[in-house]
Amino acid sequence: MIQIQHLNKTFGTGPTAVHALEDINLEIEAGEIFGIIGLSGAGKSTLVRCMNLLERPTTGSVLVDGKDLTKLRDKQLRQARQDISMIFQSFNLLMQRTALDNICFPLELIGTKRADAVKRARELLELVGLGNRADAYPAQLSGGQKQRVAIARALATNPKVLLCDEATSALDPTTTLSILALLKELNETLGVTVVVITHQMNVIEEVCHRVAILDHGVVAEEGTVAEIFSQPKTDIGRQLVYPNGVQIDRLPPSRVIRVAFNGGSSYEPLIASLAIDCGVKVNILGADTRNIEGKAFGTMLLGLPKEPEEAAKALRYIQSQPDITVEEVTGHA
Ligand SMILES: Nc1ncnc2c1ncn2[C@@H]1O[C@H](COP(=O)(O)OP(=O)(O)OP(=O)(O)O)[C@@H](O)[C@H]1O
């Protein structure tokens, strides 16, 4: 659906140039919810703006449905953009227009008859749960309601792709969840491909199927949400997945392992059975468990006994358990 190939974006020239994105390669499939996460300044907004050419890549291609947007002339590009809508952290509603007329706006731009536009806008207001607020102005709506109007407006032209740039970052946690649930529902019912840009791991966890982690303008790692959550492979991945991770250099000098639960139906009482079945005691240094799509994922950071034979025995026992993987930890845990 969206193929990003060898994309680079540099702002400015010479010694003050900022290389915001370097050799980005991503494939986002039709119908999926794809997350792009990274710390502030990682290049997330620049990347999402390159996806509809609001920002023109310095080099590289952006293919949507096989069409390279960077090769299109203005008129063709305007047409292609009708398939790619965007919502923002700050909603960007027109304050002088009612909710209904905000949604009619993109339809007016493409010459839709007023009666047809109003009909479509009313349908969309129903779809986003605001059927009774057609005549409200943005100032009379809550943040969550404003984002619902923005979503309805973004869907007015029946786009194939909805780009969400920090769409829930200005909302409280409960409203965030309700907007994410709406995005999920729209993805499932309309089949719209959703790209979610965020700095919050819980947003990714809540709605995304796959995720790419952006770090200093490069893709550090990508995979299914379950893969990234159970076994982040890079420092930045570990920082995002375990924000309260333990620095190993502050731990006692015994071997430390991370035990990842990879989607077994429940958490085995691993520590208790270690003690009972092999008489070995391990230290729990940290634990972070989650339930994703009904399956158990998560990790425990364990300090093995100092005595090498005991440590090896514990390790063998843990490795023999189903749906569990183990890695020895060095550096950021
Ligand atoms: N128009 C611009 N001119 C110059 N530099 C820019 C411009 N836009 C972005 N940058 C730089 O590009 C880098 C990436 O910025 P970007 O806004 O894409 O990051 P981000 O991950 O979205 O960060 P945040 O979460 O803080 O919005 C930063 O170093 C930023 O200063």
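This report describes a predicted model, beginning with an annotated domain and continuing through its sheet, its helices, the ligand surroundings and one buried methionine.

## Annotated domain

The UniProt record, an unreviewed entry, places the feature "domain: ABC transporter" at residues 2-241. Over residues 2-241, helix accounts for 38% of the chain and strand for 26%. The C-alpha atoms at the two ends of this stretch are 26 Å apart.

## The six-stranded sheet

Six strands form an open sheet in the order S6-S7-S8-S3-S9-S10, and their pairing is mixed. The edges are taken by strand S6 (84-88) and strand S10 (218-224); each has a single partner strand, so one side of each lacks a neighbour in the sheet. From one strand to the next, the twist averages 15°. Helix H5 packs on this sheet and touches S6 and S7, its direction making about 170° with that of S6.

Strand S7 (residues 161-165) runs parallel to strand S8 (residues 193-198), and five bridges join them. Within this pairing, valine 195 in S8 is the bridge partner of leucine 163.

## Edge strand S6

S6 also pairs with S7 in the parallel sense, over five bridges. Isoleucine 87 stands opposite cysteine 164 in S7.

Although S6 stands at an edge of the sheet, five of its five residues are buried, so the strand is largely enclosed by the rest of the structure. Both faces are covered: Ile84, Met86 and Phe88 are buried on one side, and Ser85 and Ile87 are buried on the other.

## Surroundings of the ligand

The residues around the ligand are Phe11, Val18, Ala20, Gly38, Ser40, Gly41, Ala42, Gly43, Lys44, Ser45, Thr46 and His199. Strand S2 (18-28) and helix H1 (44-51) are the elements that give two or more residues to this shell. H1 provides the largest share, three residues. By character, the shell divides into four nonpolar residues, seven polar and one charged.

H1 is itself mostly covered, with seven of its eight residues buried. The buried residues are Lys44, Ser45, Thr46, Leu47, Val48, Cys50 and Met51. Lys44, Ser45 and Thr46 are thus buried in H1 and also belong to the residues around the ligand. After H1 comes leucine 53, whose phi is positive, near 60°.

## Helix H3 and its packing

Helix H3 comprises residues 99-109, and its buried residues are Ala99, Leu100, Asn102, Ile103, Cys104 and Leu107. In an α-helix there are 3.6 residues a turn, so residues three or four places apart point the same way. The buried residues of H3 pack against two other helices, H4 (114-127) and H5 (143-155). H5 is also the helix that touches S6 and S7 in the sheet. Following H3 is glycine 111, which has a positive phi, near 80°.

## Methionine 300

Methionine 300 lies in strand S13 (residues 295-303). Is this residue buried or exposed? Methionine 300 has 21 C-beta neighbours inside 10 Å and therefore counts as buried, since the threshold for a buried residue is 20 or more.

Apart from its neighbours within four places in sequence, methionine 300 is in contact with Val259, Ile284 and Ala287. Methionine 300 and threonine 112 are 188 residues apart in sequence, and their C-alpha atoms are 56 Å apart in space.

Terms used:
Residues numbered from 1 in each chain as written. Predicted model: local features only at pLDDT ≥ 70, side-chain atom pairs only at ≥ 80, totals over all residues. Buried ≥ 20, exposed ≤ 12 C-beta atoms within 10 Å, placed from the backbone. Helix = DSSP H or I, 4+ residues; strand = E, 2+ residues; numbered from the N terminus. Contact = placed C-beta atoms within 7 Å. UniProt positions renumbered as here; feature names shortened; annotations may be inferred. Pairing = 2+ DSSP bridges. Axes fitted to C-alpha atoms, helices over the stretch in contact; angles between N-to-C directions. Near = placed C-beta within 6 Å. Nonpolar A, V, L, I, M, F, W, Y, C, P; charged D, E, K, R; others polar.
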